[in-house]
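Student: I have a structure to look at, and I would like to work through it with you. Can we start with the empty spaces inside?

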Amino acid sequence: MTESNSAAGEGAAGPSRTIACGGWYALVLVALTNAMSLLDRQILAILAPAIKHDLGVGDAEMGLLYGTVFALFYALFSLPVGRLADGWTRTRLLGISLVLWSAATGLGGLATSFGLLALSRLGVGIGEAATQPAGTSLIYDFWPKHRRGFVMAVMASAIALGLGGSLILGGVAAQAWTEHWAGGSAPLGLKGWQFAFLVAAAPGFVLAAFVGTMKEPARGAMDGMPAPADPHPFRASIALLGGVTPGLHWIAMALRRAKAAAFATNLAALAGIAAVMAVLAVICRGLSARPPLPLGPVTVDAHSLQWGVIGFGLFVLVNLMQRMRADDAQAFRVIAGSPTLIMAIAVGTLQSAINYGMMAFNPSFLIKTYHLSMKDTALQFGLLSAAMGIVGPLIWGPLADLLHRRLPSSGRALVALFAMGVSPLLSFWTYLSPDPTTFYWHFAIYSLVLTGWMPPLYAIMYDQVLPRMRGITASLYLLTMTIVGMGIGPYAVGLISDATGNLTHAMLTMNAVAIPIVVLMLLIARRSARDEAGLRARA
């Protein structure tokens, strides 16, 4: 899209104050898609003890499966599908994605080795990559700006529903199957955790059929910035994938006749990233030596795999920003020219490192610390986390909207600051509880506070860009958050747990990340309104 086209679109009409026809139906279906995404993603957490026993792996390897392996392909493919969401039919894209990741989840039910389970997680990552870019872009074209805090609260509640549902469904299904076939004659020799993967895969196919019934809203009309049709969305999407994938991106740079300085910058970034990742792999190997992992016909060092994947993802991020600067100068100016947006991405990434690090091992913590069964953990903790995760955002989202109306310059930021500043303190009070009953009471308060960060932060972030850029902005955020947050958080907890033998202390250590989060949120509160007001000038 050219600058002149954008300018013409922006001046066409004023922002709408009413919900578009079909907005509530779309919100329910997109929210359920988010819930299904988290269910299929998070089910690994409750099944981790059984998988570790059957496959003979440790916490660090489970962190790899939960975070790193999933994160690489989720992050990489979020870029082309994010671009596709900015130009193609988003309802169709969501439906196809649901089918793909549900099939990949079912593949996990057939896995008999670490390699096959890693392949399943890889497929889930690719399929789920479209969820947030397409879903966020779609919903923002149904709902007016002043209601988007509520919209993001519903999305956050759906995420909690998927998280709690993954624990309940996974734990109950796995234990019920194991108990029923205790004699060892289960059909196809399936273990309980394998059966749970198959059960989790089934609802996604049904939901995909309903998603296909949604109408596609007019892009940008809700904001008074209607966007012209994209004549070649697939071509642009494939070009973006080739332009950011390491190796292929050099061919893309040559085809567009990039200057020597651009190649030099790219190679220097690659060398720097490779050096840092190599050092980190050596340090981690010294902290916790792990046996080689079997991946098909070869074995690999777990720590080298971890930091190799993180380095790959960071290099993709470098390639993305270089390509955006060369091919879409307007988007680059809008995104890179907003300090608020950059800081919001950093905050979401750091908070995700804490959240995913804790979520990956919550069931293991409860089973190990309080000697609970998988079924009891699934029902008790799953129901509690789902309930608090649903209630919390529905309180915080409207509250953020209310404060935004009364304090336009900082209302939403103050809500996120409170949630992310207070919750780390509450986590110590929670995870050092002497018994499970006390833990659950403390966790309810901790979770209620923690859920306040996402709705206001996301509303701040997406208000910093033009409607046509929301898909690629979501992809940029997902790439950074997934590689650094999801990719490092669970692995770091698993690494510290293996090295010290204390899972509780490993989980609580992640709260040190809250210090830079608070500093950045204070800065966002000071300048978010100023940067949003400068959007049209940047564009």
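Student: How many cavities of 30 Å³ or more does the structure hold?
Tutor: Keep in mind that this model is predicted. Counting cavities of 30 Å³ or more, the structure holds six.

Student: What volume does the largest cavity have?
Tutor: Take the largest cavity by itself. It is lined by 33 residues. Its volume is about 600 Å³.

Student: Which residues lie nearest the centre of the largest cavity?
Tutor: Start from the lining, which has 33 residues. Helix 7 (148-180), helix 14 (339-359) and helix 19 are among the helices that each supply at least two of them. Those nearest the centre are Ile159, Leu163, Asn355, Met359 and Met454.

Student: How many residues of the lining of the largest cavity are charged?
Tutor: Divide the lining by class. There are 21 nonpolar residues and 11 polar ones. The charged count is one.

Student: Helix 19 and helix 20 both supply lining residues. Why are these two helices called oblique to each other?
Tutor: Helix 19 (residues 454-462) and helix 20 (residues 470-500) have axes 10 Å apart. They pack at an angle of about 130°. Angles over 145 degrees count as roughly antiparallel, and 65 to 115 as roughly perpendicular. The angle fits neither range, so the pair is oblique.

Student: Which residues of helix 20 make the contact with helix 19?
Tutor: Helix 19 passes helix 20 in a right-handed crossing. On the helix 19 side, Tyr458, Met461 and Tyr462 make the contact. On the helix 20 side, the residues are Arg470, Thr473, Ala474 and Tyr477.

Student: How many residues in that contact of helix 19 with helix 20 are nonpolar?
Tutor: Sort the contact by class. One residue is polar and one is charged. The nonpolar residues number five.

Definitions and conventions: Residues are numbered from 1 along each chain as its sequence is written. This is a predicted model: local features need pLDDT of at least 70, side-chain atom pairs count only at pLDDT 80 or more; totals for chains, interfaces and linings use all residues. Side-chain values use heavy atoms; hydrogens and water are left out. Axes are lines fitted to C-alpha atoms, for helices over the stretch in contact, and angles run from 0 to 180 degrees between N-to-C directions. Helices (H or I, at least four residues) and strands (E, at least two) are DSSP runs, numbered from the N terminus. Angles under 35 degrees count as roughly parallel, over 145 as roughly antiparallel, 65 to 115 as roughly perpendicular and the rest as oblique. A crossing is left-handed if the near helix is turned anticlockwise from the far one by less than a right angle, and right-handed if clockwise. Contact means heavy atoms within 4.5 Å. Ala, Val, Leu, Ile, Met, Phe, Trp, Tyr, Cys and Pro count as nonpolar, Asp, Glu, Lys and Arg as charged, and the others, Gly among them, as polar. On a 1 Å grid over the protein atoms alone, a cavity is a set of points where a 1.4 Å probe fits but cannot get out, and a pocket is an open set with protein on both sides within 12 Å along at least five of seven lines; lining residues have an atom within 4 Å of a point. Grid points are joined across faces, edges and corners, and a volume is the space filled by probe spheres set on the points.
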